[in-house]
Amino acid sequence: MHGGRLREAAARFGRPLEDWIDLSTGINPNGWPVPAVPPGVWARLPEDDDGLEVAAERYYAASGALPLAGSQAAIRLLPTLRPPGRVGIPEVGYREHAHAWHRAGHRVISLPDGDPGDWLDDGPEHERLDVLVVINPNNPTGRRWPVATLLDRHAHLAARGGWLVVDEAFMDVTPAESVLPYLGRPGLVVLRSLGKFFGLAGARVGFLFAEPELRERAAHALGPWTLSGPSRWIARSALEDREWQSAMRAALPSASERLAELLSRRGLTPAGGTALFQWVRKPQAERFHERLCERGILTRLFAQPASLRFGLPGCEAEWERLEHALAALDGR
């Protein structure tokens, strides 16, 4: 379901943790540099008026940010906020979406390449989608959907009380492709996260954006103190650091292009990717994954379709080590 199972890999392959390069997560390896958290933040209960919501609304240029413990919290919550129905979810994508909707009693419709096709407006009423989940850009394929396409799909769904849920966990490098400017439309829900671009997965901070009524229902269901005080402090500080954000928006795409070129030279031409990872389809994906693990490099293995996701190395030593490991495999 996700990367980052480094301890499990270390135990299996008999390598100490410090001898691994973890490329399995798609998280910025050079994340926002967290300073020391003021002692008083640890001593008080979290406070809603600490400036986090204001910082989020400025960063995302959207009002009504609801903080929660990572976008994962919203993924688990949203299916409980409407009666069971038909939910379209990308066949290849972050699997927690399908698990959450299925667990809540909904009928999950697997959509090849995430395209809803006839499920939006063709056929009898009972065969239409009630909810469409879009991962934009998709994880792991990197597929992007234009804003105009998403708004058209939203209009079809909203006309009959449906939702369009857009998971934008990997959107930070390309904010112009976000649907956040169109918030307020009934049934448009957007999820954002600080885990990927900011490299703050351990802080567990995300945001849900939706129309006021749905946002209030979600806030009521979550209850108080959805984030710890230190997580709120770190998140607010990161969201306010415009200089670091600008530097990362320039650096990450270049690093991802470098990774794509490196993989291509070794017979692993990516089928897709984002500024934070590259996705390689290969019938022998499991064998490549195992052989890289033997060299202390952890990738994310997918069974269907057989593929690997490579995150970005964090320093020149890691780039060199990855290149040497790939040279030993030589695309075979």
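Apart from neighbours within four places in sequence, Leu222 contacts Leu66, Leu68 and Leu77 in this predicted model. The residue belongs to helix H7, which covers residues 212-222. Its relative accessible area is 26%. Leu222 therefore counts as partly exposed, since the buried class requires a value under 20% and the exposed class one over 50%. Ala69 lies 153 residues away from Leu222 along the chain. The C-alpha atoms of the two residues are nevertheless separated by 9.9 Å.

Contacts between distant parts of the sequence were also counted for the whole protein. Among contacts joining residues at least 6 apart in sequence, 70% link residues at least 24 apart. The secondary structure comprises eleven helices and 13 strands.

The overall dimensions were examined next. The radius of gyration is 20 Å. For 332 residues, a compact globule would be expected to have a value near 20 Å, so the protein agrees with that estimate. The C-alpha trace spans about 55 × 55 × 35 Å along the principal axes. Of the 332 residues, 52% count as buried. The protein exposes about 14,600 Å². Carbon and sulfur atoms supply 52% of that exposed area.

One sheet was analysed in detail. Four strands make up this open sheet, in the order S9-S10-S13-S12, with antiparallel pairing. Its edges are strand S9 (272-274) and strand S12 (300-302), each of which pairs on one side only. On average, neighbouring strands of the sheet are turned by 15° against each other, direction ignored. Strands of a sheet pair through backbone hydrogen bonds, in either a parallel or an antiparallel arrangement. Strand S10 (residues 277-281) and strand S13 (residues 307-311) are joined by five bridges in the antiparallel sense. Within this pairing, Trp279 has Arg309 of S13 as its bridge partner.

Two helices accompany the sheet. Helix H9 (residues 242-265) packs on the sheet and touches S9, S10 and S13. The direction of H9 makes about 25° with that of S10. Helix H10 (residues 285-294) lies across S12 and S13. The angle between H10 and S13 is about 40°. Strand S13 is thus a shared element: H9 touches S13, H10 lies across S13, and S10 pairs with S13.

Methods. Residues numbered from 1 in each chain as written. Predicted model: local features only at pLDDT ≥ 70, side-chain atom pairs only at ≥ 80, totals over all residues. Heavy atoms only, no water. Pairing = 2+ DSSP bridges. Axes fitted to C-alpha atoms, helices over the stretch in contact; angles between N-to-C directions. Contact = heavy atoms within 4.5 Å. Rg over C-alpha atoms; globule rule 2.2 N^0.38 Å. Buried < 20%, exposed > 50% of the residue type's maximum accessible area, 1.4 Å probe, protein only. Areas by Shrake-Rupley, 256 points an atom, 1.4 Å probe, with all protein chains shown as cover.
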